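Colleague: I am new to reading protein models, and the terms still puzzle me. Could you go through this one with me and explain the words as we go?

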Amino acid sequence: MVFEYRWIWITFTDMNFKIKPYIILCSIILFALYILFGSNPKKKRLSYLESIRSTHLKGIIVDKYIDHNNHNYKIIKCRNFNNEEIVWFLNYDKSLFFEQVMIGDSIIKKQNSIKILIIRDDISKEYTLDFQTD
């Protein structure tokens, strides 16, 4: 049995490209798979939420900024009492925690919880992170 490949000619202005039909078919299949399984915002939100939920933290907020070079992510850097720096990406949080917290605030967060206690000038306020994963 002999297989015969046929060429498809596509013309763009003065250039001719030879493309085999199976290359076009593979490209379409790969694109469809990316759309179906590639980028899933809900999975990203769940991933960030689980990352923060698993963190135990007692420390001080040392930096807070919006990273314009990285999709405008809201980033908070905390330093615990062992002098370790912890970075949180709060891009998907809708609780206004990022907007309310300030550099120098003390932060307490228990492991396996999404509640965060912020202490500023002997005044404490508790926030519950909301990543809208419903």
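Here is our talk about the terms and what they say of this structure.

Modeller: Gladly! This is a predicted model, in which local features need pLDDT of at least 70 and side-chain atom pairs count only at pLDDT 80 or more, while totals for chains, interfaces and linings use all residues. Residues are numbered from 1 along each chain as its sequence is written, and side-chain values use heavy atoms, with hydrogens and water left out.

Colleague: What makes S3 and S4 paired strands?

Modeller: A strand is a DSSP run of E with at least two residues, a helix is a run of H or I with at least four, and both are numbered from the N terminus. Two strands pair if DSSP finds at least two bridges between them. S3 (residues 57–67) and S4 have 8 bridges, in the antiparallel sense, so by that definition they are paired. Within S4, Lys77 is the bridge partner of Asp63, and Ile75 stands opposite Tyr65.

Colleague: How do you know that S4 and S5 pair?

Modeller: By the same rule: 5 bridges join S4 (residues 73–80) to S5, and the two run antiparallel. One bridge links Cys78 with Ile86 in S5. The two strands form a hairpin with 4 residues between them, and Asn83 in the turn has a positive phi of about 65°. The hairpin of S3 and S4 has 5 residues between the strands, with His71 at a positive phi near 60°.

Colleague: Why are S5 and S8 called edge strands?

Modeller: The open sheet has 6 strands in the order S5-S4-S3-S6-S7-S8, with antiparallel pairing. S5 and S8 each have a single partner strand, so one side of each is left without a neighbour in the sheet. The twist averages 35° from one strand to the next; such angles run from 0 to 180 degrees between N-to-C directions, along axes fitted to C-alpha atoms (for helices, over the stretch in contact).

Colleague: Why is S4 described as largely enclosed?

Modeller: Buried means under 20% relative accessible area, exposed means over 50%, and partly exposed is in between (1.4 Å probe, protein chains only). In S4, 6 of the 8 residues are buried, so the rest of the structure largely encloses this strand.

Colleague: And what makes Gln132 partly exposed?

Modeller: Gln132 has a relative accessible area of 43%, which is neither under 20% nor over 50%, so the term fits. This residue lies in the segment after strand S8 (123–128).

Colleague: How do you know that Gln132 touches Arg45 and Lys94?

Modeller: Contact means heavy atoms within 4.5 Å. Gln132 meets that test with both, not counting residues up to four places away in sequence. With neighbours within four places set aside, Trp88 is in contact with several residues, including Ile52, Leu57 and Ile107.
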